[in-house]
Amino acid sequence: MELNRRTVIAGAAAAGLGATTLGGTAHATGGRKPVKTLFGKLADGTKIYSWSLENGGTRLKVLSYGGIVQSLEIPDRRGRYANVSAGFDNIEDYVAESPYFGALIGRYGNRIGQGKFTLDGKDYQLSVNDGEQSLHGGAKGFDKRVWDVEPFTKGSDVGLHLYYTSVDGEMGYPGTLKTKVTYTLTKHGEWRIDYAATTDKATVVNLTSHVYFNLAGEGSGTIEDHELQIAASRYTPTDSGLIPTGELAKVAGTPFDFRKAKPIGRDIRVSHPQLVTAKGFDHNWVLDKGITSRPEHVATLRDPASGRTMKIATNEPGLQFYSGNFLDGTLTGPSGRTYRQGDALCLETQHFPDSPNKPSFPSTVLRPGQTYRTTTVHTFGC
C-alpha cells in the first residue's frame, strides 16, 4: 500500500533525508512569505523578478515575465524533491525561444482558425503566428508580457496576484481587458490558479496555464511511461492546421480513450490519422462534467517510478493534452539536458479551441459588466 503524501513528507523530515540533485529536503512546514529576487533583464533594461513560494511541501517559482512557472518542486514517495516543470534558467532563452514553457496564456488559449472571427456582426483579424492560425493570443500574447505581481499571505495560504491590462486592439482583439490571475499554494501543498478578467467592449477570452510537466523530474527523459486518466468520453478532432472540425467524436475504441488510466506511450504511435497529423496527442478533450460552478476532478497523471501523482480539478469544459510533440532536442533546461519529443507534457484546462468560429461550442464571449472567472487546482501526491 502506498503511503499518502503528508506521511511521506513528515517521515522524510524526521529521518533527515539528504538532498537530491536539485537540493533540499521535504518539510511539512507552513507557508512562507513569498521571496522576490532579480531573475534578469530584458533587452530594454526592464527588470524581471522571480518569486519563490513554499507551502505544504510544494515549492513554486514564478517570473514576472509571462507569469511563467519557472520551477515546481514536489517530493517523491521517499521525500526527495524534483522540479517537475520544464523551462530555462535564464530570461534570454524565455524571450528568444520558449515554446510557452510554464506561461500564462491569453487572450485566447489554443488556436483560432486563420486568426479570424466575427462578433456582433464585426469581423476581427488577429495576429497570426502558427502557419495560418492564431495561437495562444498571437505573436506577443500574455506569455510575453511583463505582469505586475503582488505577493500575499492569507490564513494558511501563500500566493501571488498577477495583473496585466491588455489594451483595445492588442494582437487584434477588441476591448481593454483587465486581467488578474492568482497563484495560491495551500497548506496541503495544492497549487490553485484563479483567473479573472473584465472588458469595456465585447471580446473573446480563454485563459490557461502552459506548464510542461514531467513528474519524474525536469530533464529526466520521456513521459511515455506516465499513466494518464481523463474523464472525457469525447474529444474534438482537428484538420491539418490543428483546428477543430466541429465534431465531438467518441473516444471509445480509439487511442484517445483515457477514461481508464493507461501509459501515454501505449497508443501514441498507433497509425491513427489524428495522431499522424499532430505527431502525437495535441487535442482538446470534452470533459464529461461540462462547465461547473466549482472545480471538479477531471484528470490524474502518475509517474510509476517516483510515485508522484498530480490530480487536476477545474470548472472548465475542456482539457488540452499536448504530449510535447514539437520538442526537438534544440532546447536545454536547467538540468543541462536537452528536451526531445515527448520529454514533457501539457494539460491545459480551457474552453475549446476555435470556439469563436464554432457556434455549437461553449461560448468564450465576454461582455462589459460581466466578469470572466475560472479556477484550476493541482493536487500533488506520492
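Asp76 and Arg80 meet through their side chains in a salt bridge, with 3.1 Å from N to O. The model is a predicted one. The two partners differ in their surroundings. Asp76 has 4% relative accessibility, so Asp76 counts as buried. Arg80 has 35% and counts as partly exposed.

This pair belongs to a wider set. The whole structure contains 16 salt bridges. Another of them joins Asp130 to Arg111, and here the closest N and O atoms are 2.9 Å apart. Asp130 sits in the loop between strand S9 (122–125) and strand S10 (134–135), while Arg111 belongs to strand S7 (residues 111–112), so the pair ties together parts that are 19 residues apart in sequence. Asp130 is partly exposed, at a relative accessible area of 25%. Arg111 is buried, at 7%.

A further salt bridge brings together the side chains of Lys144 and Asp143, at 2.7 Å from N to O. Lys144 has a relative accessible area of 25%, so Lys144 is partly exposed. Asp143 has 6% relative accessibility and counts as buried. Salt bridges also form a network, which links Glu54, Arg59 and Glu73.

Next comes a histidine. His283 lies in strand S21 (residues 282–287). Its relative accessible area is 0%, so His283 is buried. The side chain of His283 has a polar contact of 2.9 Å with the side chain of Gln274.

Now turn to the strands. Strands of a sheet pair through backbone hydrogen bonds, in a parallel or an antiparallel manner. In this model, nine strands make an open sheet with antiparallel pairing. Their order is S11-S12-S13-S14-S29-S23-S22-S17-S20. Why is one side of strand S11 and of strand S20 left without a neighbour in the sheet? Strand S11 (148–154) and strand S20 (262–263) stand at the edges, and each has a single partner strand, so one side of each has no neighbour in the sheet.

Within this order, S23 and S22 stand next to each other. Strand S22 (residues 296–302) and strand S23 (residues 309–314) run antiparallel, joined by six bridges. A residue pair helps to locate the register: Ala299 stands opposite Ile312 in S23.

The empty spaces come last. The largest pocket holds about 390 Å³ of space. Its lining has 20 residues, and those closest to the centre of the pocket are Pro99, Leu135, Tyr212, Tyr322 and Phe326. What classes of residue make up the lining of the largest pocket? Nine are nonpolar, five are polar and six are charged.

The structure also has one cavity of 30 Å³ or more. The volume of the largest cavity is about 60 Å³. Which strands each supply at least two residues of the lining of the largest cavity? They are strand S14 (191–199), strand S16 (208–210), strand S27 (346–350) and strand S29 (372–381). S14 and S29 also appear in the nine-strand sheet, where they are adjacent in the order. The residues that line the largest cavity include Trp191, Ile193, Tyr195, Thr208 and Ser209. Also among them are Val211, Phe213, Leu347, Glu348, Thr349, Thr376 and His378. By class, the lining of the largest cavity has six nonpolar residues, five polar residues and one charged residue.

Key:
Residues numbered from 1 in each chain as written. Predicted model: local features only at pLDDT ≥ 70, side-chain atom pairs only at ≥ 80, totals over all residues. Heavy atoms only, no water. Pairing = 2+ DSSP bridges. Helix = DSSP H or I, 4+ residues; strand = E, 2+ residues; numbered from the N terminus. 1 Å grid on protein atoms, 1.4 Å probe; cavity = no way out; pocket = protein on both sides within 12 Å on 5 of 7 lines; lining within 4 Å. Points joined across faces, edges and corners; volume = space filled by probe spheres on them. Nonpolar A, V, L, I, M, F, W, Y, C, P; charged D, E, K, R; others polar. Salt bridge = Lys/Arg side-chain N within 4 Å of Asp/Glu carboxyl O. Buried < 20%, exposed > 50% of the residue type's maximum accessible area, 1.4 Å probe, protein only. Polar contact = N/O pair within 3.5 Å; in protein donor to acceptor, adjacent residues only side chain to side chain.
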